[in-house]
Amino acid sequence: MKTFFSPVTALCSLLCIHVVGAADPSALSERLQNSMNQFASAMKKQDRIGMNKFVRTNYASDYRETRDHGRTTGPHIWLREMREKLADAKAIKSVQFRVLDVKVAGNTATARESFELVKTVANLKDPSVTRDFIFSIGWDMTFVKSKDKWLAKRGVRTKDQVRATQPIRTIK
């Protein structure tokens, strides 16, 4: 039997590949959220290896984040700051990332992301006195598709806030 491969068959094959490879905003949102949930889990466990792996596999090597007054940083500065936020924690109460409003245009996508960390810190002079600190950060993110993987390329901080609760004394 002779196999027939026509230009129409080739075109249909290419269209199928393009449609399957096309980014559905809800699918990308779900993938990004799952990825951020893994990072949140690593943060809660203070798993430095897991946090480093997250950055290596999800951020472009030339990722830049713009902060207040136009100051820019790279992913390793951002990661170091996240680890510093955990360093003095007596307990990590919660870590949450949310991926919002994903839009896709070809090989570029944008999303808003929010982060909240709630940690308990002991008073240096009296460890029986603790207080919770709540860190809230927001970003407008840009992602690029590279070799069938979406990587964070650019972030702009839209929110950077720290709140503290009243001190709590633990009575034994």
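**Figure 1. Contacts across the chain.** In this predicted model, take the contacts between residues at least 6 apart in sequence: 61% of them join residues at least 24 apart. The chain has 172 residues, and 36% of them count as buried. About 10,900 Å² of the chain is exposed, with carbon and sulfur atoms supplying 56% of that area.

**Figure 2. The order of helices and strands.** Count up the secondary structure and you get four helices and seven strands. Starting at the N terminus, the elements go α-α-α-β-β-α-β-β-β-β-β.

**Figure 3. Helix α3 and its two sides.** Helix α3 spans residues 48-58, and its buried residues are Met51, Phe54, Val55 and Asn58. These four sit on the same side of α3, because they cover an arc of only 95 degrees around the axis. Flip to the other side of α3 and you find Ile49, Lys53 and Arg56, which are exposed. So what covers the buried residues of α3? The cover includes α2 (25-44), β1 (59-66), α4 (75-87) and β6.

**Figure 4. The cap on α3.** Here we zoom in on the N-terminal end of α3, which is capped by aspartate 47. A side-chain oxygen of aspartate 47 lies 3.2 Å from the backbone nitrogen of isoleucine 49. Isoleucine 49 also turned up in the previous view, among the exposed residues of α3.

**Figure 5. Aromatic rings in a cluster.** The aromatic pairs in this model come to six. One of them joins tyrosine 59 and tyrosine 63 in an edge-to-face arrangement, with 4.7 Å from centre to centre and 90 degrees between the planes. Are these two tyrosines buried or exposed? Both tyrosine 59 and tyrosine 63 are buried. They also belong to one aromatic cluster, made up of Phe39, Phe54, Tyr59, Tyr63, Phe97, Phe115 and Trp139. Phe54 links this view back to α3, where it is one of the buried residues.

**Figure 6. Lysine 147 and aspartate 148 in a loop.** Lysine 147 is in the loop between β5 (129-146) and β6 (149-164), and aspartate 148 has its place in the loop between β5 and β6 too. Lysine 147 is not a glycine, yet its phi is positive, at about 55 degrees. Aspartate 148 is not a glycine either, and its phi is also positive, at about 65 degrees. Why does lysine 147 count as exposed? Because its relative accessibility is 81%. Aspartate 148 counts as exposed as well, with a relative accessibility of 71%.

How values were computed
Residues numbered from 1 in each chain as written. Predicted model: local features only at pLDDT ≥ 70, side-chain atom pairs only at ≥ 80, totals over all residues. Heavy atoms only, no water. Helix = DSSP H or I, 4+ residues; strand = E, 2+ residues; numbered from the N terminus. Buried < 20%, exposed > 50% of the residue type's maximum accessible area, 1.4 Å probe, protein only. Contact = heavy atoms within 4.5 Å. Areas by Shrake-Rupley, 256 points an atom, 1.4 Å probe, with all protein chains shown as cover. Phe/Tyr/Trp six-rings, centres within 6.5 Å; stacked < 30°, edge-to-face > 60°. Arc of directions from axis to C-beta. Polar contact = N/O pair within 3.5 Å; in protein donor to acceptor, adjacent residues only side chain to side chain.
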